[in-house]
Each structure stands twice: as C-alpha cells, then as structure tokens.
Amino acid sequence: MNKGAMAPDQEQDTPLKSDSMFINLGPQHPSTHGVLRVGLTIDGEMITKAVPDVGYLHRGTSKLAEVRGYHHCVVLTDRWDYVSAMPNNLVFCLAAERLMGLNVPPRGDVLRVLMCELNRIASHLLFFGTYGIDIGAFTPFLYAFREREMILDLFEMVSGARLTYNYIRLGGVMVDVTDEWVAKCREFIEYFKPRLDEYDTLLTYNPIFMARTEKVGLIPPQTAVNWGLSGPNLRGSGVNYDVRKADPYCGYEQYDFEIPLGKTGSCWDRYFCRVSEMRQSVRIVLQALDKLAPGPVMAPGVAKVPKPQPGEAYAHVEGARGDLGIFLVSDGQASPYRMHVKAPSFMNLAILQELLVGNKVSDVIAILGSTDIVLGEVDR
Amino acid sequence: MSEPAKEKEAVPAATPANVVPAGAAAAPAAAAGTVAPKPAPKAAAKPLPTPVFNERHGKLILNSRYWPTELWKSPWSLPSYRKGALVLFGLIAGILLTGAAVGELSRWADKLYALIAAFVAARHWPAVTTDAVWDLIKILIVLHVVLINGLWAIWWERKISAHIQSRVGPTYAGGWHGWAQTLLDGVKLLLKEDITPTAADKWVHALAPAIVVAPVIIAFAPVTFGKQLAAANLDMGVLYIFAFAGISVIGVIMAGWASGNKYSLLGGLRASAQLVSYELPRGFSIVPVLMFAGSLNLSTIADAQAGYWHGLPRWFIFYPVIGPLAFVIFLIASVAETNRTPFDIPEAESELVSGFHTEYSGMKWSIFFLAEYGYVLLASFLLATFFLGGGASPFAFDHVIPSWIWMLGKAMLMMFTFLWIRWTFPRLRADQLMDFNWKFLLPWSFANIAFAGLFLLFR
C-alpha cells in the first residue's frame, strides 16, 4: 500500500517512526519559474538538503555564436533572459562595438538607455506578479501584467516584437522612435507612477506578505559577495554595487538616479529593492525622454559582415537580474572565436543550496521566487 | 488593419531600409515614417518606398488595442457600462419584487403539505406516506441547494475574481456573461478520463471524495433558509452542523494519503493539522451567541435577534465588542475550514501543486470543489443566522420583503466576503497559521465568552 509516498522505515530504535523524504521540486512545478529542478530532502516540512539541478533549457548559444556572424549573434542574445531581452542585446553590442571600434551616436545611446530601463520595469513587474503568486496572492499578478502589456505594446510599436526584440544593433539601434511613440511612452509613465503606490498597499506592506518574507532567506553581505551574487539580490543585502554607477555605459553617468539598498538581505528586502528600482527606472525613463535630441541613431559605416581585428573585449551591463557580462574573442573572422556569457541568474541560483537548508517547504518557494532567476539565462 | 495587398508590399520593402541604414541621414528619414506614396504604375524602376513599419504598428496599437488609460477615462460615458449598471439594478429590483409577490415560503410549504396529505387521504394510503413523501422532498431540496450552489458559486467566483483582477471572466458560454460556463465545465469534467495513479490505494482514493462531500450535504439539514424554513428543526442544530462538518477532514486526509504522491501527502498532513485546530475557535466563537439566545436551535437563535434599538436592528453583530469580535473570529475560522486563500496551505497551488487533490481528475476532482463551495455556503448561512439576524429585515419599516429574500441576501453578502478575501490576501505559512490560531483566535474566543458572561450578569 502506498508504495510511492514513503520509504519503509529502516530503523526501529525510536518508538516514533521518522524518516526523511526526498521530493523533486520541478522541473515541472508551477513555482520554479521555468525548468529548474531542485532535489529537496525534507524532514517533515523542514529542508535538510537542497540540490539545484540545471541544464533543462540548454540551447548552446555560446557555441552557436561561433558559427554565426556578429549581426546574427544579437538574435541569440534575445533568448538568454527572455523576460528582459534589451540588456542582453545591449551587452553583446557593447562588447562587439569595442572590438570593432564603433561609436554610437548620442540619440542611439539615449534610446538604448530608454529601452533598457523600460525593460527593467517590465522584468521587475513580472517578478512582482509571480512573487505574489508564489506567496499565494494571485491578484497582483494580473495587475502587474496589465502594466507590463503596455510596455510590451511600446516595444512592439518600436521593434515589431513583444518578447525577443533584437532592437539594439551593432552601432546603435534598429530604428528611431516616432513622436507618437514618445507621447505614448509619456502617457504610460504618467499612468504607471500611481500604480506603484497601489502595489505597495496591495502587497508590499501587507502583514501576511511581510510575515512570509521578512525574516526568511537572510543573506549576510559577506555571503552574498562570496557567492558572487549581483543585481537586486546583492543590493538587498546592503552591498552597494550597480554597474550603472560603478562602471557607467551608454552615458548612465549623466542620469540622476539612486540605488535602492536593502538592510538585512531577507526576501522582503530583495523584493523591495526591485519595487524601488522600478521607481528609479521611471525617473531614468523620464530623463531619457527629455534628452532625446534629433540626430542619427546608428553609427555610420557598420559593415554588413563585420570582421573585427583579432582581439578580445569584455563588456558588462546592469541587467534586470544583475551584472550581465560578455566576453568576446575575435580571430579576425566573420564570427566570434569565442563568446562567454557571465549570467547573473546562474550565479544567483548557486546560493540556493546553502540558503534553502533549514527552511520550510513554503519558504523554499518564497526564497526561490525572491532570487528572481530566469532559466533561459541560467542554461543559455 | 489595412488591406492585405498593401501590407504584403510594405513589409519586405521596409526591412532593408530599417535594418542597415546606409548613413546618418537615412535614419531620421526612416524614423519619420510617413505613409508610403503609391508608386506610379508605369514607372520602370520601382522606387524604394518610405518605410512604414513603425507607422503600421503605431496604427495597430492606437486603433485596435485599448490601454487601461483609454478605457478608464470615464466608464460612465460608455453605453455598455450604463446598460450593465441598469441591468444590475433591474435584477435586484426584480428579485425584491418577486419576493414581495411570493411572500413567505413557509406558507407555501404548509399548503403543499396539506395538498399531499389530502391526496394521500383521498387514496386511502397509510398516513405515514405523507411524511415519507414530505421528507423525500425536503431531502431533494437540501441536496440541490448544495449542487446548484456549486454551479452558481463557481461562476460567481470566476466573475468576482475577474473583476477584482481587472479582467472580465467568462463571457462566451451561454451568451449572457458566460452564465453556462460552470454547467459546461461540469459536462467536460464528467466526460474526462477518471485516472487512478498506479501508486494510489484504489479504494481509499475513490472513497475520499465521497467522504468529503457527504457531510456537507447532511450538515445542511438544520440550516434555516428563512422564517420557519428548515429541512429539520433540530434543537441541537448547531452541534449537529459542527459535528458533521468535522467529518470532512477525514476525507481530505484519506485523499492525501491514498494518492501515493508526496505533495498530496504533505497537503493531507497540513489539512489535518489545520482543520482540526480551527474547529476550536470556530466552535468557541459562537458560544456568546448561544449564551444570548439560550438555545442551540438555529431558528430560535435567528428569532432572538428580532426587533430594533431605535432603528438599529438587534443583531448579534451590533452588540458592543462581543458581537464584532465573535463575528470576525467565526469568519476567519470559517475561511480556514474551507481551505481558502489566506489559509489554503493544504492545497497551496504554488507550493504543493494543489496538495491533496493533485492526483484527482474529472468528476472526483470536481466533487472536492463541490464540497468546498458547499462549506462556503454553509458558513455564509451560519454567519447570517448567528450574527446578521437570519431572516430579519434591517429596516424597521419593511414588512413587504419576505424573510427568505433577506436570508439569501445576507448569505450572498457573506459569500461575497469569502470570495473577496480569497482574491486579496497572500497565503500564510503552516506554522504562522498555527500560531495565529492558538495564540490569537483561541484566547480571544475564550475572552469573548467571559465578556459575554459579564454582559449577561450586569445587563
């Protein structure tokens, strides 16, 4: 009877039967946000061991890049972090432009910043919604997606795609925005600002939500640095590191914004960092819209089949999930000799094996959700 | 959308100009996005048209997809919105008028009973036949209250949750606001394959839904639906309801255990801990009500709340401190008993993948839901009876609307509260849920009994 549920007890020393149970969290589980598998050994509801298992979404983009031209590689980047594809486009283009010595015109830079920040908002909205579901509140998800749809509409207007944009190209951006788009973007920002306050009343300061997340999944600053975390996961622990400030690109030094920091490194702090980042992104978007001066958006003379001089280049940007880096090696041929991606989700995932132990099954979901991983980027 | 021929022409032509602009001057021209001038038909060399890529998508978004900003500008300016409000008002007025026309249902029941008795007497059948037929009718009515409630509540929950989440919910099935959605869902569930997992204990697995749903139907027997309107007028009605409602937890544990699934097992374990714990504050919270009414009979409890204090109805919820406190504790414990959202840890979708009913499909699965909504209705009627005066009218001047309309209205109001809570709150963790029960609800329900005793002593 009941063969699958519990292994027969081997030791009969204690009068109470007690045995640990192994459960597979994923790869088919509603809360793993993709095809992540976590092997959990649980004692009652307590986790005694957690082993994250990745690779279910591996598509070999690093290898594929070695047989494709530089323009074609931008398409591959869309597929890493499919929730926020603009920074992926950007980081590849930054590295390749360094190889080729291209200079992006100012309007192109502003558009890049604009799109990346809009995409950061879209990505954090997705996090906000799905984290609500993880904690058991279904309604914030649809509110977040209502706003996210509008950003995707904006992206569709400008690039024709809603998920894999391929908008940021070598030397600039694919196409300029229209005045109509700018008006629509301003309308969205005006609409979006009060929604952020609404989210706070709905979820951020909800007593049940705070009780579920406030003292759960604590990452001390030193541990966060040791595990190589980046992005809101690192800043939630109070470590002030943001590529946009530490190593500005695309003229981020000209924008006025703050880096929200957490205090204790709890799930709530990581959550709150992201919600606060949305406010900052709104500020950056407004500044970028004001900066849009007429001019070209694409550098002149980008070759159709670029063959950069042999050499190597590294570029990194602050993606929605953290410090997204790319290392490109060229041997003078039409395709990169080697492309390595330093994916923040992969780094952020590794800490789970330490973080989950000692927590309850419900907390596993809360912690997993708070790291905000995208499996497309973990496996690439 | 523009005509397909024009699109076909515009898109491929636009691509090269957009992707690789030849120089700095080409980009603004591409960005301007003016409408493509129709090339002259006789031109030998076809001129490259101005790209219309952005323009086309701009039109798409502006003309065919609405943003909330456009929709919310002024909903009353939309004719459909005004029409909907009018229909809602008409429905409520229609129900009230129907109620006024029909009058008290107990009057009609007496007439029906007399009719059956006369029929039996005319046929010279034994007199016990009358009561047998009458009991059968009552049983069928109670059974159908639970079944029809399932159809109604699921549709209503879907509509309420949709509107809470700025969606519209089912709109297609049946025509008017998707009224037939649950009906068709039921047909679909009946036709679905009934799967019993290999690892499952076959008999226990099949028996569990029956053990969950049977008590809720039985528990409806003493529930009053209006003045003198109950299937069984039991003197120990309250105890009877709590006793039967407590049986369902066995079915839940059986479902969790017999599924042979680890997630289900965890769900079953959580359910057993939760449901047994929350029985206590639920039972103790209504002790003050019983003290005031001096009876366990639901009709007597409802009748004890008749009358008005200077226009304010003498319902138990309006008793200072004691009433609201008992009401809140009973409401919270009822939500926990029905496994709904702040307390839905046994079936936590995001953690346990539906918990104890993960391995159920088709009709067995839907029976769990029938039971859940049955308990929601039961709790709604109990809340209305204990705290909101049962069938008593909230207005002293009202002598027209019959008690069953008020009872139904109050129960639906409570049911709406249940749905509202579910779609607003996140979920508690198992240990927090236990803390909340044993360290907050239970002590306060005891304190409330003491308050009620003092109140009665010094009244």
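Modeller: Before we begin, a convention for this predicted model: helix axes at angles under 35 degrees count as roughly parallel, over 145 as roughly antiparallel, 65 to 115 as roughly perpendicular, and the rest as oblique.

Colleague: Under that convention, what are H7(B) and H18(B) to each other?

Modeller: The axes of H7(B) and helix H18 (residues 403-422) of chain B cross at roughly 55°, coming within 10 Å. The crossing is right-handed. That angle lies in none of the named ranges, and the two helices are therefore oblique.

Colleague: How do the residues of the contact of H7(B) with H18(B) divide?

Modeller: H7(B) contributes B:Ala153, B:Glu157, B:Ile160 and B:Ser161, while H18(B) supplies B:Met415, B:Phe416 and B:Leu419. By class, these residues come to five nonpolar, one polar and one charged.

Colleague: What is the handedness of the crossing of H6(B) and H7(B)?

Modeller: Helix H6 (residues 105-123) of chain B and helix H7 (residues 128-164) of chain B have axes that come within 9 Å and cross at roughly 140°. Since angles count as roughly antiparallel when over 145, this pair is therefore oblique. The handedness of the crossing is right-handed.

Colleague: Which residues in H7(B) does H6(B) meet, and how many charged residues does the contact hold?

Modeller: On the side of H6(B), the contact uses B:Tyr113, B:Ile116, B:Ala117 and B:Val120; their partners in H7(B) are B:Thr129, B:Thr130, B:Val133 and B:Trp134. Of the residues in this contact, six are nonpolar and two polar, and the number charged is none.

Colleague: Which residues have the most contacts inside the largest nonpolar core?

Modeller: In soluble globular proteins, nonpolar side chains tend to be buried together. Here the largest nonpolar core has 209 residues. Beyond its neighbours within four places in sequence, B:Leu378 touches B:Val216, B:Ala219, B:Phe220, B:Val223 and B:Ala245. The residues with the most contacts in the core are B:Leu378 and B:Leu383.

Colleague: What share of contacts in chain B between residues at least 6 apart in sequence joins residues at least 24 apart?

Modeller: Chain B has 459 residues, of which 39% are buried, and its secondary structure consists of 19 helices and two strands. Among the contacts you describe, the share is 74%.

Colleague: Is helix H14 of chain A enclosed or open, and which residue just after H14(A) takes a positive phi?

Modeller: Eleven of the eleven residues of H14(A) (residues 361-371) are buried, so the helix is largely enclosed by the rest of the structure. Among them are A:Asp363, A:Ile365 and A:Leu368. Just after H14(A), a positive phi of about 55° is taken by A:Asp372.

Technical notes. Residues numbered from 1 in each chain as written. Chains lettered and ligands numbered in written order. Predicted model: local features only at pLDDT ≥ 70, side-chain atom pairs only at ≥ 80, totals over all residues. Axes fitted to C-alpha atoms, helices over the stretch in contact; angles between N-to-C directions. Helix = DSSP H or I, 4+ residues; strand = E, 2+ residues; numbered from the N terminus. Left-handed = near helix turned anticlockwise from the far one by under 90°. Contact = placed C-beta atoms within 7 Å. Nonpolar A, V, L, I, M, F, W, Y, C, P; charged D, E, K, R; others polar. Core = buried A, V, L, I, M, F, W, Y, C linked by C-beta atoms within 7 Å. Buried ≥ 20, exposed ≤ 12 C-beta atoms within 10 Å, placed from the backbone.
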